[in-house]
Amino acid sequence: MATAHEPVAAHHAANAEGISQRTRLYDGRKAAHRLHVLIVGCGMGGLAAAHCLGQAGHKVTLFESAAAIGEVGAGIQVTPNVSRLLRRWGVGDNLEAVAVRPEAIVLRRYETGERVAYTRWSDMEEQYGSPYYHIHRADLHKLLFDLAAPFMTLRLKSTVASVDPEAPSVTLASGEVVHGDLIVGADGVKSMIQRVVLGHTNPAEPTGDAVYRAIIPTEYLLKDPELKPFVDHPEMTGWMGPGRHIMAYNIRAKKEFNIVLAHPDDGSVESWTAEGSADKMRADFADFEPRIRKLLGFVKSTLKWRLMDRQPLKKWIHPSYKVILLGDACHPMLPYRAQGAAMAIEDAAVLGNLLSRLNHPSQLRALLQAYEDLRLPRTAETQRQSRLNQHIFHLPDGPEQEARDAQMRQAMEIELRMMREGVSPADSLEGSPNQWADRKKNEAQFAYDADAEAERWWREVGEKALGEAGEFEERVAAKL
Ligand SMILES: Cc1cc2nc3c(=O)[nH]c(=O)nc-3n(C[C@H](O)[C@H](O)[C@H](O)COP(=O)(O)OP(=O)(O)OC[C@H]3O[C@@H](n4cnc5c(N)ncnc54)[C@H](O)[C@@H]3O)c2cc1C
């Protein structure tokens with residue numbers, strides 16, 4: 001059996017070859033001024049950017065250190081703000097085939113399994129315009145890869161060793177220098193390009209937490225009457241305990257069950273592929289309810305990731321306006337709100353939409369500034385909300401935890417009454433410790449449409465400032 005850290009093959013239904021060539025984005029608009037964009041990093045952010053910039057008419061070369069592309073054995077949540085984009089990009093049917101739509105989020109007490117919070121998620125599409133999905137990381141990565149492939153030249157085993165931000169150019173570890181017009185640093189949480197943009201590295205604070213991740217075949221759960229309901233009624237189930245919590249959900253059309261277990265860090269590293277000890281994991285969660293102990297008994301191997309926290313950056317653009325950042329390279333966040341990849345994919349959508357308007361070199365600065373202005377505040381707020389969940393989930397047993405649970409139960413009662421009576425509640429549950437019960441937060445996070453934001457900026461600001469400037473400069477250029 002393959003261990004969890006080896007790249008996992010994608011499901012056959014995650015094949016999206018040829019789809020992006022048949023999909024028309026940005027009303028068919030392509031940039032009249034074509035850039036050669038050098039993207040560093042073949043993660044989900046880099047691939048989404050390659051696709052969107054390619055659709056916008058630009059030439060893309062993507063550099064990746066690894067010798068082969070792929071993803072580790074773990075699940076990922078695709079929230080409506082991202083499924084909206086993936087559907088628009090033409091892979092909605094693939095998502096339906098490989099992912100799972102959870103019915104609800106349920107939060108439980110760690111030692112009894114008592115349900116203290118419930119928020120329906122089956123109505124996500126009705127409420128926020130697109131479904132919530134749970135998917136295998138390898139399948140999402142493959143969908144993005146297939147979308148990007150027709151638009152990019154992929155250079156594997158090509159570590160970018162340095163960047164000249166004025167040229168602009170990248171120098172590979174081999175010594176080769178590649179010139180382009182714009183460099184996009186999508187090189188992840190330990191970004192080298194971030195240092196180029198900021199002149200220093202944004203410091204990382206240990207959160208004191210690490211996470212184990214593991215996948216269990218659901219055939220084991222289906223054989224056990226106590227565990228079978230977790231598959232029959234796919235939910236996002238969380239167990240909250242002192243200093244620890246677990247999140248679990250179905251992926252791959254309910255064939256696999258993904259578990260993420262946050263616990264006090266005991267000396268792990270911030271790495272996608274570091275293995276943890278399954279026995280140590282079982283010991284760390286030995287006081288959780290019996291169903292958890294059964295579930296963890298099925299785990300053969302785990303991944304372990306040290307959770308580091310970083311504050312928002314002040315800027316994402318080098319003063320030359322020839323190097324920018326995207327994804328974890330500029331807004332790494334704790335996974336407690338399941339929004340890291342979501343923010344990277346939204347970045348790519350906004351960037352592609354804006355740069356589809358590039359008709360003259362003089363417009364580039366303003367379009368890149370719009371990218372930062374639209375994206376930085378949203379990702380900073382999402383970083384803040386992710387951090388908040390760490391505190392909420394990990395309260396020690398005592399008065400604060402009891403108050404949290406009482407508030408969560410109250411929100412659950414409102415939700416369940418609403419479901420029984422089929423009415424919309426008057427209460428927006430603003431500030432609920434179950435952040436998914438807070439309808440205002442849901443609206444802001446999940447109803448967000450990255451393309452609509454870029455279009456709005458163009459209507460309200462860009463068209464007046466750039467349309468005229470671009471046309472003027474084009475007219476001057478035509479006369480010369
Ligand atoms: C436990 C856990 C659970 C999570 N769950 C969710 C979730 O449910 N939903 C969600 O949206 N997000 C989730 N996230 C966050 C999400 O996984 C990340 O935000 C996302 O993968 C970041 O993508 P990226 O493309 O920015 O960076 P990465 O995926 O890190 O990609 C960076 C790439 O750049 C390459 N690279 C780096 N340096 C160089 C160089 N110098 N030259 C060439 N190549 C280079 C790397 O090899 C890598 O392939 C989770 C994160 C964790 C840790």
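In this predicted model, R387 and D309 pair through their side chains in a salt bridge, with N to O at 2.5 Å. The bridge spans distant parts of the chain. R387 lies in helix α13, D309 in strand β17 (residues 302-309), and 78 residues separate them. R387 is partly exposed because its relative accessible area is 22%, and the cut-off for buried is under 20%. D309, at 12%, is therefore buried.

Helix α13 takes part in another such link. E346 and R375 meet in a salt bridge at 2.9 Å, N to O. E346 sits in helix α12 (residues 340-355) and R375 in α13, 29 residues apart. E346 is buried at 0% relative accessibility. R375 is buried too, also at 0%.

A further pair joins D405 and R404. Both residues are buried. Elsewhere, R87, E96, R101 and E125 form one network through salt bridges with shared partners. The structure has 36 salt bridges, among them these pairs:

| Pair | Closest N to O |
|---|---|
| R387 and D309 | 2.5 Å |
| E346 and R375 | 2.9 Å |
| D405 and R404 | 2.8 Å |

Helix α13 (residues 364-393) also meets helix α15 (residues 439-446). Their axes come within 12 Å and cross at roughly 135°. The two helices are therefore oblique to each other. The crossing is left-handed. On the α13 side, the contact uses R378, T382, Q385 and L388. On the α15 side, it uses K441, A444 and Q445. By class, the contact comprises two nonpolar, three polar and two charged residues.

Notes:
Residues are numbered from 1 along each chain as its sequence is written. This is a predicted model: local features need pLDDT of at least 70, side-chain atom pairs count only at pLDDT 80 or more; totals for chains, interfaces and linings use all residues. Side-chain values use heavy atoms; hydrogens and water are left out. Axes are lines fitted to C-alpha atoms, for helices over the stretch in contact, and angles run from 0 to 180 degrees between N-to-C directions. Helices (H or I, at least four residues) and strands (E, at least two) are DSSP runs, numbered from the N terminus. Angles under 35 degrees count as roughly parallel, over 145 as roughly antiparallel, 65 to 115 as roughly perpendicular and the rest as oblique. A crossing is left-handed if the near helix is turned anticlockwise from the far one by less than a right angle, and right-handed if clockwise. Contact means heavy atoms within 4.5 Å. Ala, Val, Leu, Ile, Met, Phe, Trp, Tyr, Cys and Pro count as nonpolar, Asp, Glu, Lys and Arg as charged, and the others, Gly among them, as polar. A salt bridge is a side-chain nitrogen of Lys or Arg within 4 Å of a carboxyl oxygen of Asp or Glu. Buried means under 20% relative accessible area, exposed over 50%, partly exposed in between (1.4 Å probe, protein chains only).
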